Amino acid sequence: GDCCKWIGVVCHNLTGHVHQLHLAAPLSPYEQSALGGKINPSLLELNHLSTLDLSNNNFSSIHIPKFFGLLESLTYLNLSRAQFQGAIPHNLGNLSKLQYLDLRGNDLKSKSLHWVSGLSSLQYLDLSYANLSKATDWLQVTFKHPSLLELHLSACVLEDDPYLISVNSSKSLAVLDLSWNSLSSVPKSMFSLHGLVSIDLIFNSLDGPIPDYFGNISFLEVLDLHQNSLNSSIPNSLYSLNHLRFLHLSSNKIKQDISEILQNNQLSGHLTYQLGQFKNLSYLSLAQNNISGPIPSSIGELSSLKYFDVSENQLNGTFPLCFGQLESLVTLDFGYNLLEGVVIETHFSKLTRLTTLKASHNRLRFEPNSSWIPPFQCQIIELGHWHLGSKFPLWLKFQKELSSLDISHVGISDVMPTWFVNLPTQFEYLNLSYNQVTGGISYLNVTNSIDLSSNRFTGPLPRVLSTLRYLFLSNNSFSGPLSELICNPSLKEMVALYIDINLLTGEIPDCWNHWENLAYLNLGNNNLTGKIPPTLGYTNPCMLNLRNNSMFGELPSTLRNSWSLVMLDLSENHFSGSVPAWIGDKLSNLVVLSLRSNNFDGHIPHKICDLQFLQNLDLAHNNISGVIPKCFSNLSEMATKIKINNELSTPYFIDYSFYLKALLVLKGREDEYGSTLGLVTSLDLSANHVRGEIPKEIGTLVGLLSLNFSRNLLTGNIPDNIGNMELMESFDLSMNRLNGEIPPSFSNLNFLNHFNVSYNNLTRHIPTSTQLQSFENLSYVGNHLCGRPLTKNCTSKSIPTDVGNKGSKVNWLYVSIFFGFVLGFWSVVAPLFFSRSWRIAYYRKLDQICGKLYVFWAAMGM
């Protein structure tokens with residue numbers, strides 16, 4: 001009797017026998033009260049036990065005990081998410097009274113489900129996340145079961161039944177969940193389950209048209225087919241499902257006119273009786289398809305509609321007024337379409353229950369009366385890329401429950417009003433980017449993410465909440481120091497901090513110890529001075545951008561701890577010292593490394609060649625000497641022709657899709673690469689003191705799009721195998737001391753659109769190709785080249801040859817010139833030895849002549 005006072009133990013009122021054991025662990029990760037270890041067989045002494053719940057515990061090293069099959073009074077068994085392992089014991093099939101069995105979320109497997117047939121009273125079965133790939137009888141056993149009402153086999157590695165066995169299905173099954181499997185077609189037997197009320201087939205591999213047979217399941221209320229590859233139009237039979245409440249077809253490949261879907265009348269444009277049958281429909285999601293056409297006004301007839309999502313399609317035309325009649329509507333999402341025209345207050349007139357309005361990325365204009373009070377209290381409003389007028393939207397003043405607001409790119413050119421900053425609501429997400437909002441902000445009451453970039457905000461940086469994770473203030477006129485923001489010890493959650501292109505001054509403070517979660521830091525294009533603070537090296541971000549400031553000093557050795565760095569941009573500062581070898585040793589994940597326009601000296605460390613993922617290396621405009629390392633051929637990403645990802649994303653985020661952008665100098669100009677950064681490969685050593693020959697190993701970097709070795713001291717020939725770099729778009733070797741010819745293999749470079757070999761000692765003819773003749777003379781000037789596009793033809797006389805190997809014939813022309821020069825020289829110089837005034841006048845004149853000659857030679861390209 002006393003044991004029944006324990007929490008989770010329930011006894012029978014009359015007999016006092018232990019009747020139920022509710023020993024589930026709390027789901028909260030902060031409560032450490034999970035059970036573990038072995039389960040004692042003495043549990044069998046509880047002869048009258050009908051309920052056993054051990055869910056959410058941690059039995060990580062054990063199988064489900066076989067003796068559970070002897071607990072013959074059990075009607076309810078829940079072992080879900082308790083970290084059991086191994087095969088499901090088949091003697092569970094002896095539990096003939098069991099009505100509820102939940103084994104989901106464990107690491108289980110079963111080669112056959114024949115044991116389920118013994119559970120003659122079973123009504124609820126959940127085996128989700130068990131591996132049933134070997135259990136080819138899953139369909140026969142479960143679909144035939146006489147009493148089963150609810151079946152969940154989500155993520156069970158199920159594939160199409162190769163035998164396509166038709167099963168005489170039970171009439172009882174009402175809820176069927178086969179989501180997250182590998183089914184490429186809907187099991188035919190499903191269509192004989194006439195009692196089904198709910199079907200979930202999300203995240204499978206279903207392709208082809210949506211099967212017509214769903215219309216046979218006349219009591220169907222929920223049909224969820226999203227995240228498959230279903231194409232073609234929605235079958236007419238679906239419209240006979242007059243109990244349908246939930247229809248989710250998002251993320252397929254459906255190409256159809258929206259009016260056909262909502263009206264099912266391809267002959268005339270009028271509303272048909274079928275749509276009247278859809279009066280029960282409360283959830284309709286067609287997002288992420290290729291659905292086109294205007295939204296028909298008949299949408300107003302769907303009087304039960306609570307959730308309507310047609311985002312990310314190709315819908316055009318206007319936003320229908322009839323939406324204002326949908327009094328039940330809670331969520332309305334038609335973002336990322338092509339709708340245009342004017343929206344008026346009537347569009348929202350009866351939407352009193354609306355909590356989510358997502359409509360960004362359309363071409364709509366909404367400028368309500370300044371006294372308009374919306375009928376709704378929204379939690380989420382997204383109107384990015386609408387035209388909302390130049391004034392800050394006054395109607396937002398009445399939104400007391402707003403947690404997420406996106407009014408980016410909407411044309412506001414107003415001061416940030418104080419009422420907005422002081423709204424009683426606490427924002428989770430706020431996006432005002434790409435407007436012309438002015439004024440200062442002292443405080444931002446936002447818990448998770450703020451984007452104020454590309455506005456005209458001024459004054460010091462705002463104070464923010466300690467929970468803030470993303471802060472984007474790029475491209476404004478914020479000024480003053482960083483210390484108050486950075487040295488706030490409560491900011492422990494910050495993941496991304498972008499304050500580039502502002503007017504920040506002073507040094508970066510050395511108090512980054514608490515920034516443990518920082519993944520993206522961009523302080524580029526400011527007026528920051530001083531050295532990189534040592535504690536910044538311990539934050540270990542994925543991206544660090546300090547470009548275009550006035551910072552100096554050597555790179556701190558603590559930066560070697562930032563092994564997560566994918567992009568490091570320190571260009572356009574005054575950093576000095578040699579390029580550290582630990583960059584290649586410790587920063588092994590680098591994809592973009594730019595140290596351009598600094599004062600780095602010394603040789604290029606060979607350790608740089610160990611950077612297996614490096615795609616963009618820019619060391620241009622420094623004082624680097626030595627030779628080009630032959631081991632550059634080890635930079636495997638530059639030697640790979642096929643790139644998989646367009647965008648350069650980092651593995652850090654689940655809740656925020658985050659892509660890196662970089663300013664790269666390619667094709668002779670600086671451009672920002674974002675959505676294609678993952679495809680770009682470049683190597684730039686220009687404007688240094690690099691000497692020696694170009695190693696032929698460079699020719700193995702066949703994935704390079706841009707190569708720039710210009711303005712160095714390189715000698716020797718251009719390696720012939722550079723012609724193998726067929727993807728090359730930009731190639732610059734100008735202003736070196738290279739000789740020999742342009743290799744004939746250069747005719748293979750069909751994608752060149754920037755090419756420069758000017759001011760070298762190159763000889764012979766320019767190879768003929770589709771590209772090399774398309775460049776102007778400036779690409780070749782200052783050499784001894786001939787052939788198109790130059791006007792100098794390649795006759796046998798005009799091909800320059802080396803003088804001195806043609807025997808010892810004396811060229812008397814040169815001899816006479818030499819003697820003439822000596823006589824003229826002494827006739828001028830002799831008086832200088834005897835007259836000081838002549839000497840001073842002469843040198844002044846010579847200085848003027850030399851200056852003019854220098855200008856002339858420079859203009860002539862000599």
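Which residue in β45 does Gly-602 stand opposite? It's Ile-624. Keep in mind that this is a predicted model. That pair is a handy way into a nine-strand open sheet, and after that there are a few backbone oddities to look at.

**The sheet**
- Nine strands line up in the order β27-β30-β33-β35-β37-β39-β41-β43-β45, and they pair in parallel.
- At the edges you'll find β27 (438-439) and β45 (623-624), each with pairing on one side only.
- Strand β43 covers residues 599-602 and is joined to β45 by two bridges, with the two strands running parallel.
- As for what holds such strands together, sheet strands pair through backbone hydrogen bonds.

**A cis peptide bond**
- Arg-788 and Pro-789 are linked by a cis peptide bond, with omega at about 10 degrees.
- To find Pro-789, look in the loop between β56 (784-786) and α7 (812-834).

**Positive phi without glycine**
- His-409 isn't a glycine, yet its phi is positive, at about 55 degrees.
- You'll spot His-409 in the loop that lies between β25 (404-406) and α4 (418-421).
- Is His-409 buried or exposed? Its relative accessible area is 33%, so it counts as partly exposed, which covers the range between under 20% (buried) and over 50% (exposed).
- Asn-548 is another non-glycine residue with a positive phi, near 55 degrees.
- Asn-548 sits in the loop between β38 (543-545) and β39 (550-553), and β39 is one of the strands in the sheet above.
- With a relative accessible area of 31%, Asn-548 is partly exposed.

Conventions:
Residues numbered from 1 in each chain as written. Predicted model: local features only at pLDDT ≥ 70, side-chain atom pairs only at ≥ 80, totals over all residues. Heavy atoms only, no water. Pairing = 2+ DSSP bridges. Helix = DSSP H or I, 4+ residues; strand = E, 2+ residues; numbered from the N terminus. Buried < 20%, exposed > 50% of the residue type's maximum accessible area, 1.4 Å probe, protein only.
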